[in-house]
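Please read the points below with the model open beside you, and check each one against the residues it names. They are written for someone meeting such a structure for the first time.

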Amino acid sequence: GACTLVLLNQLGQTITREGAKLFELAQSCQNVLALRTAHSKESKEQTALLEKERAKMQEVLSQLKPVEDTVKRAAKRLNRLRPHDLKEISDFVSETKIAPKEASALASAEESLEAARQQLRKVPLSAFEAAAATSAPHAQLRAAVEAACAMLDLRPDFEAAQSRLMRTGESLRRRLLSFDRTNVPKAAARRLQSFFDSRAPDAEQAVAAAVHAWVCALLRYDGAADDAKASAQESSCST
């Protein structure tokens, strides 16, 4: 028959014959508390990160204040210009353009980056949870996550990423989707050249494939943006 777990007090008196159910309930409660603790810790980290970003934004705003004042003064002067003078300024500005080749490459890079973001969104949550929990990551998963760490200017170590970026199933995806594409580290292209040139992960490696696509799309966009900027500066200097 079924095994019965009897709980006794210190005097040997029976407390209950349903001890197994109590142990199961206690284990469930412990699991829920552990999950809440993990979520609470992640929430605190996200709050701290948000406060850090707000501080950065305030610093940028304070740096832009003199620029704002200069723009306002320039606007007042422009309002006093004659139509002929305004036309000359407009013609000069319109001549400062990005060359068609660089403009096309930048537009293509933007499309690739959005496609990579969509790929990240489509990966099942269970796949990210499995990646966060694995103690024996596939080589393609390890390489992709460590490349993402390099893009985020973090130490490229898979185990460290599991504790910092992958606390929950959504943590890594949320961090990558919220990344500012203009903040790619300067040395990223050089450090990740071999990764960029490597073969894309197999389809069954959904997380690795999506992260690989995101890293490569960002590197491609960063290079195209630099070329476009150089093209615009060259056009400006030649006018």
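1. Lys76 is exposed in this predicted model, because its relative accessible area is 55% and the cut-off for exposed is over 50%. The residue lies in helix 1, which covers residues 19–79, and together with Arg73, Arg77 and Arg80 it forms a positive patch on the surface.

2. A patch of another kind is also found on the surface, where Met57, Val60, Leu61, Leu64, Val67 and Val71 form a nonpolar group with about 520 Å² of accessible area together. Met57, which belongs to helix 1, counts as partly exposed, since its relative accessibility is 45% and the range for that word runs between 20% and 50%.

3. Helix 1 also holds a salt bridge between Lys72 and Glu68, in which the closest N and O atoms are 3.5 Å apart. Why are Lys72 and Glu68 separated by about one helical turn? The reason is that they are four residues apart in helix 1. Both partners are partly exposed, Lys72 at 48% relative accessibility and Glu68 at 37%.

4. The salt bridge between Glu159 and Arg142, at 2.9 Å from N to O, links distant parts of the chain, because Glu159 sits in helix 6 and Arg142 in helix 5, 17 residues apart. Glu159 is partly exposed with a relative accessibility of 38%, and Arg142 is partly exposed as well, with a relative accessible area of 28%.

5. Asp202 and Arg199 form a further salt bridge, their closest N and O atoms being 3.0 Å apart; here Asp202 counts as partly exposed at 27% relative accessibility, whereas Arg199 counts as exposed at 59%. Elsewhere, Glu114, Arg117 and Arg121 are joined into one network by salt bridges that share partners. A search of the whole structure finds eleven salt bridges, and as background it helps to know that side chains of opposite charge can pair when their charged atoms come close.

6. Two loop residues deserve a look. Asp153, in the loop between helix 5 (139–151) and helix 6 (158–164), has a positive phi of about 60 degrees although it is not a glycine. Most residues other than glycine have a negative phi. Asp153 is exposed, with a relative accessible area of 58%. Lys186, placed in the loop between helix 7 (171–177) and helix 8 (188–191), is exposed at 87% relative accessibility, and its C-alpha atom is separated by 9.5 Å from that of Asp222, 36 residues apart from it along the chain.

7. Is Ser231 buried or exposed? Ser231 counts as buried, because its relative accessibility is 10% and buried means under 20%. This residue lies in helix 10, residues 206–238, and, leaving aside residues up to four places away in sequence, it touches Lys97, Ile98, Ala99 and Glu102.

8. Finally, the protein as a whole has ten helices and two strands, and in the order of the sequence the two strands are followed by the ten helices. Of its 239 residues, 27% are buried, and its accessible surface comes to about 16,300 Å², with 55% belonging to carbon and sulfur atoms. Among contacts between residues at least 6 apart in sequence, 68% join residues at least 24 apart.

Definitions and conventions. Residues numbered from 1 in each chain as written. Predicted model: local features only at pLDDT ≥ 70, side-chain atom pairs only at ≥ 80, totals over all residues. Heavy atoms only, no water. Buried < 20%, exposed > 50% of the residue type's maximum accessible area, 1.4 Å probe, protein only. Contact = heavy atoms within 4.5 Å. Areas by Shrake-Rupley, 256 points an atom, 1.4 Å probe, with all protein chains shown as cover. Patch = residues over 30% accessible without salt bridge, like charges linked within 9 Å, V, L, I, M, F, W, Y side chains within 5 Å. Salt bridge = Lys/Arg side-chain N within 4 Å of Asp/Glu carboxyl O. Lys, Arg positive; Asp, Glu negative; His and termini not counted. Charge placed at Lys NZ, Arg CZ, Asp CG, Glu CD.
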